[in-house]
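Work through the exercises below with the model open. Try each task before reading its solution.

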Amino acid sequence: MKKTVFLSALAAAGLVASGAMAQDSGSSTLAAVKEHGALKCGVNPGTPGFAAPDANGVWKGFDVDLCRAVAAAIFGDPEKVEYTPLTSAVRFTALSSGEVDMLARNTTWTFSRDVDLKLEFTGVNYYDGQGFMVPKDLGVSSAKELSGATVCIETGTTTELNLADFFRVNGLDYEPVPVESFTEAQNQFLAGACDVYTTDASALAASRASFETPNDYVVLPEIISKEPLGPLVRHGDSEWGDVVRWTLNAMVSAEELGVTSANAADMAANGTENPEINRLLGGEGELGAMLGLPNDFGLNIITKVGNYGESFEANIGESTPVGLARGLNALWTEGGLIYSPPFR
Amino acid sequence: MTTMIDPPKADGFHISQLLYDTRYRSITIQVIAFIAFMFIALFLVMNVKSNLASLGKEIDFGFLKNPANYDIKQRLIEYDSTSSNFRAAMVGLLNTLFVAFLGCILATIIGVTAGVLRLSKNWLIAKIMTVYVETFRNIPVVIWIIATMAVLTETLPQPKSFRGENPDASMWLWDSIAVTGRGTYIPSPDWGAGSAFVVITFLLSLLGIWAFGRWAKRRFEATGQILPNFWIKIAIFFVPSLLVFFILGRPIGLNFPVLTGFNFKGGFELSNSFLALWLALSVYTGSFIAEIVRSGILAISKGQSEAAAALGIRPSRTMNLVILPQALRVIIPPLISQFLNLTKNSSLALAVGYQDLRATLGGTTMNNTGRELESMLLMMLIYLIVSLVISTGMNVYNKSMKLKER
């Protein structure tokens, strides 16, 4: 008698366990985000201009705007985001394990990350390249003169691999000083523990802007790699990937079509001559419904966050301390690479 | 007197006895606990397997053969960025063992000194040691590591301060040692022809010291006379090696560090990340060892030192010949676990950018290949093996020190 009770209890425990396993696979991220009531977004722990909390603890930046835009598309409210600051070493694990729903954390799109790490890049929001920064009094004008230098480098990034390749190919030697985070790299560089600091050129500019005496440091002209930075999600949930991809595309399309946070509401209310603007803002067609979002998701993104150009200018543009020119990140019509597939 | 156990039943075993008979109950509970444990373990393994399968990531150790593509600063074996991930892990493992080995030695020296001094009759010395022990063992080791690194980086002069006509900083000991904010550069030996003879002579004289020690001990036990052992040993240590060295025309030279380009070149570099990790781990673990040593000494009955004093043995000899040999039996077992702690704590190396096993296999390799589970399992296995080897070695030593019961 007692034994049967015990055995059936064990069997029940086994069933519970297998039920829990089955639940893990095949759930929709979009439904989970809606049910949770907020988007869980993985961001950089602190790169001025791209992602950093301001004096009041509110996250601000170019990458943060992408999280805000996705939240605006889903909830109509850009504030419904829970930010998780992630170091480069833990970001993919955090995404794969479901701790965050998406990463908007200056992450380079590479073959092995896309294919082998089972991640899905949903576009490029910043075309970058790896550069070098040195103190001016070092008297160096080219990266080829850096033989024997000590180089501060964030571990677990593509820059670590590019650096090894660059110095090997050019027959130069160097001493790596691996550091765990962007801030730590800055501290070591400013203390003189390394001669050179290398990372993406955008982050170098952002970091130089935050120094006390930015003019004592120069960014060398060489760009040694292609670093297309973009948002990414887990493999295997294409619907969720589409939401993130078309949120970014909506921001780019809006800039291409001249829709801004100032005029979008007006355009949506009165309609325009251009059918693509109408589709983007939800006046025509059922594009939102196809994504599982409100039909005016484009309008929400643009009125509440802004178009691509507005976000760029406000966070990292030439009027900000970071002071980046559009360069490669200008629209394709203006000689850059930023281009959105049509809203049709 | 009442019996605690029910009298055995004559009609043999009944199933309800498993629960109600105190003779069988504990076995029943153990069996149930074991089955429950196995179920939980099975559930975890199955869960990991099914989640990995749904992500499309099968467990695969093939990444170890692929090129690592990154550089490592401190290499005890040949390595460059085209070497395999496996070799990178081995470089990291050697770095772990290097810092752990030197750390155990320094921690023991610090710990024994502080532990003995804490019992000193000198009030000031005893209190200073108390302050040392209480501060260091009550603050997390990672904070000590980072603080040491910050002090080394921020306060020491950078290489550029050594440059120019009137440099702000200068090298130590007749320009042979450079202490900089990046690392300390010490002269390294330059092996010329015939240096093997010098090394062999040196090893032979070490053997000689050991043989002399045994002979002196036997002589002491036989005659009771004490030779100036220390000075004789020092002489054996230096004289033959130096003689051969000069007879062969000084075959071993020194490579002095020289400031060339951005950094000091030549000599042997002890990077600040290594120094910070080594010093912080040693001083931290030393504070625990000090307490172990103190408790070991206090465990020896006071009568022992009083008896030694009554026999007219000097206090320093009392400590070395009477107290410490007995105290060691109490000290060694907890000392083993401190050595294990130090070895495992060395995995905090990444905090200061020292590339140990955790930073190579569990850091850059894991990040670049995305093989989290494989890297973690491999790392756990390696740390487990290292710890078991250390503890086996120390247990052998412990056995040899145990009271020989005859």
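The exercises that follow concern a predicted model.

**Exercise 1. Trace the sheet**

Task: Give the order of the 5 strands in the open sheet of chain A, and say which strands lie at its edges.

Solution:
- Step 1. The strand order is E10-E9-E11-E8-E12 in chain A, and the pairing is mixed.
- Step 2. Look for strands that pair on one side only: these are E10 (174-179) and E12 (217-219) of chain A.
- Step 3. Check the twist. Neighbouring strands are turned by 30° against each other on average, direction ignored.
- Step 4. Take one pair. E8 (residues 130-135) and E11 (residues 196-200) of chain A run antiparallel, joined over 4 bridges. Within this pair, A:Gly131 sits opposite A:Thr199 of E11(A).
- Step 5. Add the helix. H6 (residues 158-169) of chain A packs on the sheet and touches E8, E9 (149-154), E10 and E11 of chain A. The direction of H6 makes about 155° with that of E9(A).

**Exercise 2. Assess a helix**

Task: Find the span of helix H3 (residues 62-75) of chain A and set it against the expected value. Is H3(A) mostly covered or mostly open?

Solution:
- Step 1. H3(A) has 14 residues, and 20 Å separate its first C-alpha from its last.
- Step 2. At 1.5 Å a residue, 20 Å is expected, and the span of H3(A) is close to that.
- Step 3. Count the buried residues, those under 20% relative accessible area. In H3(A), 13 of 14 qualify, so the helix is mostly covered.
- Step 4. Look just past the end. A:Gly76 follows H3(A) and has a positive phi, near 75°.

**Exercise 3. Place an arginine**

Task: Is A:Arg105 buried or exposed? Which residues surround A:Arg105?

Solution:
- Step 1. Locate A:Arg105 in strand E5 (residues 102-108) of chain A.
- Step 2. The relative accessible area of A:Arg105 is 4%, so this residue is buried.
- Step 3. Set aside neighbours within four places in sequence. The contacts of A:Arg105 then include A:Asn44, A:Asp63, A:Ser88 and A:Arg91.
- Step 4. Take A:Ser88, 17 residues away along the chain. Its C-alpha lies 8.7 Å from that of A:Arg105.

**Exercise 4. Describe the interface**

Task: How much area do chain A and chain B bury between them, and how many salt bridges link them?

Solution:
- Step 1. The contact draws 45 residues from chain A and 44 residues from chain B.
- Step 2. About 3700 Å² is buried between chain A and chain B, with 55% of it on carbon and sulfur atoms.
- Step 3. The two chains share 3 salt bridges.
- Step 4. One salt bridge joins B:Arg182 to A:Asp195, with the closest N and O atoms 2.5 Å apart.

How values were computed. Residues are numbered from 1 along each chain as its sequence is written. Chains are lettered from A and ligands numbered from 1 in the order in which they are written. This is a predicted model: local features need pLDDT of at least 70, side-chain atom pairs count only at pLDDT 80 or more; totals for chains, interfaces and linings use all residues. Side-chain values use heavy atoms; hydrogens and water are left out. Two strands pair if DSSP finds at least two bridges between them. Helices (H or I, at least four residues) and strands (E, at least two) are DSSP runs, numbered from the N terminus. Axes are lines fitted to C-alpha atoms, for helices over the stretch in contact, and angles run from 0 to 180 degrees between N-to-C directions. Contact means heavy atoms within 4.5 Å. The expected span of a helix is 1.5 Å times one less than its number of residues. Buried means under 20% relative accessible area, exposed over 50%, partly exposed in between (1.4 Å probe, protein chains only). Buried area is the accessible area (1.4 Å probe) that two parts lose on being put together, summed over both. A salt bridge is a side-chain nitrogen of Lys or Arg within 4 Å of a carboxyl oxygen of Asp or Glu.
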